[in-house]
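The following exercises concern internal cavities, cysteines and one helix. Each task is followed by a worked solution.

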Amino acid sequence: MAATTTVAPTMGTVATLTPTAATTTTKKPPVYYCLGGISAMTAACFTHPFDLLKVRLQTAKEMHHTLFGTIRSIVTQEGLGGFYRGISGGLMREGSYSTVRFGVYQYLKDAAIERNGGDPIPLWENVVLSMFGGAIGGAVGNPADVVNVRMQADGRLPPAERRNYAHAVDGLVRISKEEGREALLRGVRPNMMRAMLLTSGQIATYDVFKAFFLDTLGCRDNVATHFGASMAAGLVATTACAPMDVVKTRLMNMHHNATVEYTGTVDCFTKILKAEGVRGLFKGWTPAYMRLGPQTIITFMTLEQLRKLL
């Protein structure tokens, strides 16, 4: 039986993105690189309401809108089912965006470890690979993200201005027919930047916090440690990508038949800063973190279990 080269987890590797057992340089089946998307879709089923709240707050240009006010408005006007408005768009987004970003990162990381003779790659290389995977994932998942944002934001619009997409696929078809395919790439640049910051923030920061809990605080390598490291990584990732998240949401939500609000990423960023101040660039931060923390935990925990099945 041929021996396989094992790699011990270090500060340059991410424990949550590798199997519980030792990582090997043996060739993995293609489905292995798709498990990240499946895990993210599973997490989205639980965290979608927080994503919806974030979008509602980000698309509200008035500063008096609050988290609890938005929750109350949804409950009274749309009922509890309103918190899952656009869930098909959320699932399609994670199925494309997260599948690609996790898959590209893991594939490139495995290749880098193999080229390195089975030794762990340094932290900086991990960050570079995760940012590259995030950029590709952000571009591929942009059409689904446009549909997702619009379906979630629909409830706060006057009835006459709502798009009323029946489901995510209907949204893709109607946007292509009514606005042209280029509309599906609206906000792609800030979306790619956000994806780069988010992916690298999750991966690299999680590893740093986990090492801190284990080595400095003397915690055990258990669920509690994973939970704390994931929540801390989510805090850093949410804060780092918040401005780009607001910009891409505003661009994606623009009506094609109305006066153009923003001509591009820089214009949108500048107008928000002038009209709403720095706080405007961090709208929806609380629900974003409330979503990203559990999203990170559920995604990584599910990913580990799926990989064990292989």
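**Exercise 1.** Determine the volume of the second largest cavity and establish which residues and helices line it.

*Solution.* Step 1: in this predicted model, the second largest cavity has a volume of about 70 Å³.
Step 2: its lining is formed by A44, T47, H48, D51, G90, R93, E94, N148, R291 and Q295.
Step 3: assign these residues to elements. At least two lining residues come from each of α1, α3 (87-115) and α10, and α1 gives the largest share, with four residues.
Step 4: sort the lining by class. It comprises one nonpolar, five polar and four charged residues.

**Exercise 2.** Describe the largest cavity: its volume, its lining and the elements that contribute to it.

*Solution.* Step 1: the search of the whole structure yields five cavities of 30 Å³ or more, and the largest of them holds about 90 Å³ of space.
Step 2: 14 residues line the largest cavity, and those nearest its centre are K54, T238, C241, D245 and A288.
Step 3: two or more lining residues are given by each of α1 (35-58), α7 (188-216), α8 (223-252) and α10 (285-309).
Step 4: by class, the lining of the largest cavity consists of six nonpolar, three polar and five charged residues.

**Exercise 3.** Classify C241 and C268 as buried or exposed, and state how many disulfides the model contains.

*Solution.* Step 1: recall that a residue is buried under 20% relative accessible area.
Step 2: C241 has a relative accessibility of 4% and therefore counts as buried. C268, at 0%, is therefore buried as well.
Step 3: apply the disulfide criterion, a pair of cysteine sulfur atoms within 2.5 Å. The count comes to zero disulfides.

**Exercise 4.** Compare the span of helix α2 with its expected value, and explain why its buried residues lie on the same side.

*Solution.* Step 1: helix α2 covers residues 67-78, twelve residues in total. From first C-alpha to last it reaches 16 Å, close to the 16 Å expected at 1.5 Å a residue.
Step 2: identify the buried residues of α2, namely L67, T70 and I74.
Step 3: these residues lie on the same side of α2 because they cover an arc of only 65 degrees around the axis.
Step 4: relate this to helix geometry. An α-helix has 3.6 residues a turn, so residues three or four places apart point the same way.
Step 5: examine the other side of α2, where F68, R72 and T76 are exposed.

Methods:
Residues are numbered from 1 along each chain as its sequence is written. This is a predicted model: local features need pLDDT of at least 70, side-chain atom pairs count only at pLDDT 80 or more; totals for chains, interfaces and linings use all residues. Side-chain values use heavy atoms; hydrogens and water are left out. On a 1 Å grid over the protein atoms alone, a cavity is a set of points where a 1.4 Å probe fits but cannot get out, and a pocket is an open set with protein on both sides within 12 Å along at least five of seven lines; lining residues have an atom within 4 Å of a point. Grid points are joined across faces, edges and corners, and a volume is the space filled by probe spheres set on the points. Ala, Val, Leu, Ile, Met, Phe, Trp, Tyr, Cys and Pro count as nonpolar, Asp, Glu, Lys and Arg as charged, and the others, Gly among them, as polar. Buried means under 20% relative accessible area, exposed over 50%, partly exposed in between (1.4 Å probe, protein chains only). The expected span of a helix is 1.5 Å times one less than its number of residues. The arc is that of the directions from the helix axis to the C-beta atoms.
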